Amino acid sequence: MAKKRSNKKNSRKVDKQSNRKVGNIFTSPSIKLNWEKEENEFYRADIEFFGIDISGPSYEGRVFLNNPNANENTDLSLESGYAGSFYIFGHGGCYGDEGHCEIKQRRTFDSRTEHDLTPAYKSMIATDAIKRILRTTREIVLSVVPITARSGRMSDAKEIVFIDQIRISCYENYSKLNK
């Protein structure tokens, strides 16, 4: 798993094509895949994001693999490293009293729903993109380009994407392996 908070790579820009705003571009550290085609043929690969901060604006997170120059205008194709998108329905900031948005520790068997700002988990299928990368290298760097609505409540926010951990899970087809 890769741990990273945020990489400030861009100031706030407006995407001329969609008239939407772009925040900081998150770039992960290099993730090394221990993969040998003869041993580990997989039929599906997922990218999992843990601890996504949802306190800011809503956004589309466009995920690119091994394309450190990805931005709001990068083509959404496998050739440009595009793996897919995930969507965050953001909280839009805190307008309550001090401490209102602090997440408090819950007891083990507390059955109430989680706090509205509990960090999110997202998973996306990225099989084709990861197989394409594995043809040439065993290291992957993810870039997440956040695209927000131009009229979003926190439209001046620059730091949008915060992710605690990333995991790439590949699933082998055991029925083919055991023949």
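Which residues does F49 touch, not counting residues up to four places away in sequence? In this predicted model, F49 touches V63, F86, A120, Y121, K122, M124, L142, V144, I163, Q165 and I166. F49 also belongs to the largest nonpolar core, a set of 31 residues. Within this core, I47, F49, V63, L65, I130 and L142 touch the most other members. At least two residues of the core are supplied by each of β6 (42–52), β7, β8, β9 (120–125), α1 (127–134), β11 and β12 (165–172). The largest share, five residues, comes from β6. A second, separate core consists of six residues, among them I25, F64, A70 and V145.

Strand β7 spans residues 59–65 and is mostly covered, with seven of its seven residues buried. In a regular strand, the side chains alternate between the two faces of the sheet. In β7, Y59, G61, V63 and L65 point one way, whereas E60, R62 and F64 point the other way. V63 and L65, from the first of these groups, are members of the largest core. F64, which points the other way, is instead found in the second core.

Two strands pair with β7. Strand β8 (residues 82–88) does so in the antiparallel sense over six bridges, and F64 has Y82 as its bridge partner in β8. Strand β11 (residues 142–148) likewise pairs with β7 in the antiparallel sense, over six bridges. In β11, the bridge partner of R62 is V145, a residue that is included in the second core.

Note on methods
Residues are numbered from 1 along each chain as its sequence is written. This is a predicted model: local features need pLDDT of at least 70, side-chain atom pairs count only at pLDDT 80 or more; totals for chains, interfaces and linings use all residues. Side-chain values use heavy atoms; hydrogens and water are left out. Buried means under 20% relative accessible area, exposed over 50%, partly exposed in between (1.4 Å probe, protein chains only). Helices (H or I, at least four residues) and strands (E, at least two) are DSSP runs, numbered from the N terminus. Two strands pair if DSSP finds at least two bridges between them. A nonpolar core is a set of buried Ala, Val, Leu, Ile, Met, Phe, Trp, Tyr and Cys residues joined through side-chain atoms within 4.5 Å. Contact means heavy atoms within 4.5 Å.
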